[in-house]
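The following explanation is intended for a reader who meets this structure for the first time. It may be read with the sequence and the model side by side.

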Amino acid sequence: MADISENLAEVRRRMAAAARDAGRDPQSVELVAVSKVQPAEAVRAALAAGQRLFGENRVQEAKSKFPPLRDDYPDLRLHLIGPLQTNKVKDALALFDVIETVDRPKLARALAQEGDKRGRHPDCFVQVNTGEEPQKAGVAPAEADAFIAECRGLGLKVTGLMCIPPLDEEPALHFALLREIARRNGDAAPLALSMGMSADFETAIRFGADLVRVGTGVFGPRPATA
């Protein structure tokens, strides 16, 4: 667990260097520590090292892991960065501060309806499938503008966009595309960009990432049982 503290320090150092190289304030980029499949003890080690923002892929895993952690660290923040099924919307809104994976009208409607019931609408990011990969979630780039408008019309607080570039393509092209979609749709307020993972977060920062999602770089290889 001592490695987690060292890993965090190194990731933060690299993030700051990438931001400075891009002429940006290092404080303008935030680290989402991706804790999926990691035990609660690993998250506690990151919390002890000062990390407060985490990303989880599955609602059920987060539900079993994070409430006790939040009791001890009330300033902990949690983002959902994996696909969300509509039957998990109620639990997701109870657990997560930000839903980064709004990707279809049915989900947007479910989030809006449940948010109205609770009187609480958390920030939402629209997930864009920049590579138009059929096996991946996300709205197609050509449909992103209309979908963002639809989400806003439902009353969702669309505050950002996220993407996961194809593994076999140059990520910079996808980061540039997401940045352009954000520019077109950020008239009312700038849209945050969640992009970049362990292998490419420095490139993402160069293209304007506000949030980078790093798992292996922080926690090391996933547990063998994952």
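The paragraphs below begin with the whole chain and then turn to two helices and to several single residues.

The structure is a predicted model. The protein contains nine helices and eight strands. Its C-alpha atoms fill a box of roughly 45 × 40 × 30 Å when the box is taken along the principal axes. For 226 residues, a compact globule would have a radius of gyration near 17 Å, and the value of 17 Å found for the protein agrees with this. Of the 226 residues, 49% are buried. Among the contacts with a separation of 6 or more, 60% join residues that lie 24 or more positions apart. The accessible surface comes to about 10,600 Å², and carbon and sulfur atoms account for 50% of that area.

Helix 3 is a suitable place to begin the closer view. It covers residues 59–72, and at 1.5 Å a residue its 14 residues should span 20 Å; the C-alpha atoms at its ends are 20 Å apart, so the expected and computed spans agree. The helix nevertheless has a kink of about 40° at Phe66, shortly before the proline Pro67. Phe66 is also one of the buried residues of helix 3, together with Val59, Glu61, Ala62, Lys65 and Leu69. An α-helix has 3.6 residues a turn, so residues three or four places apart point the same way. The buried residues of helix 3 pack against two helices, helix 2 (40–48) and helix 4 (89–95), and against two strands, strand 2 (53–56) and strand 3 (77–80).

Helix 6 may be read in a similar manner. For its 13 residues, 141–153, the rule of 1.5 Å a residue gives a span of 18 Å, and the end C-alpha atoms are 19 Å apart, which agrees. Its buried residues are Pro141, Ala144, Phe147, Ile148 and Cys151. These residues pack against strand 4, strand 5 (123–127) and strand 6 (157–162), as well as against helix 5 (105–118) and helix 7. After helix 6 comes Gly155, which has a positive phi near 95°.

Strand 4, one of the packing partners of helix 6, comprises residues 98–102 and includes Thr101. Is Thr101 buried or exposed? Its relative accessible area is 1%, and Thr101 is therefore buried. The side chain of Thr101 reaches the backbone oxygen of Gly82 at 2.7 Å. Beyond residues up to four places away in sequence, Thr101 touches Leu80, Ile81, Gly82, Pro83 and Leu84, and also Leu107, Phe125, Gln127 and Met162.

Asn185 lies in the loop between helix 7 (171–184) and strand 7 (192–194). Although it belongs to a loop, Asn185 counts as buried because its relative accessibility is 10%, below the 20% limit for that class. Apart from residues up to four places away in sequence, Asn185 touches Asp145, Ile148, Arg152 and Leu191. With Asp145 there is a polar contact between the two side chains, at 2.8 Å. Ile148, another residue touched by Asn185, is among the buried residues of helix 6. The C-alpha atoms of Asn185 and Gly131 are separated by 20 Å, and the two residues are 54 residues apart along the chain.

Two further loop residues have a positive phi without being glycine. Glu132, with phi near 50°, is found in the loop between strand 5 and helix 6. Its relative accessible area is 56%, and Glu132 is therefore exposed. Setting aside residues up to four places away in sequence, Glu132 touches Ala140 and Pro141, and Pro141 is one of the buried residues of helix 6. Glu132 and Glu100 are 32 residues apart along the chain, and their C-alpha atoms are separated by 18 Å.

Val37 is the other such residue, with phi near 60°. It is placed in the loop between strand 1 (30–34) and helix 2. At 24% relative accessibility, Val37 counts as partly exposed. Helix 2, which follows this loop, is in turn one of the elements against which the buried residues of helix 3 pack.

Note on methods: Residues are numbered from 1 along each chain as its sequence is written. This is a predicted model: local features need pLDDT of at least 70, side-chain atom pairs count only at pLDDT 80 or more; totals for chains, interfaces and linings use all residues. Side-chain values use heavy atoms; hydrogens and water are left out. Helices (H or I, at least four residues) and strands (E, at least two) are DSSP runs, numbered from the N terminus. The expected span of a helix is 1.5 Å times one less than its number of residues. The bend at a residue is the angle between axes fitted to the seven residues ending there and the seven starting there. Buried means under 20% relative accessible area, exposed over 50%, partly exposed in between (1.4 Å probe, protein chains only). Contact means heavy atoms within 4.5 Å. The radius of gyration is taken over C-alpha atoms; the globule rule is 2.2 Å times the number of residues to the power 0.38. Accessible areas come from the Shrake-Rupley method with a 1.4 Å probe; for residues, only the protein chains shown count as cover. A polar contact is a pair of N or O atoms within 3.5 Å; within protein, one must be able to donate a hydrogen and the other to accept it, and residues adjacent in sequence count only if both atoms are side-chain atoms.
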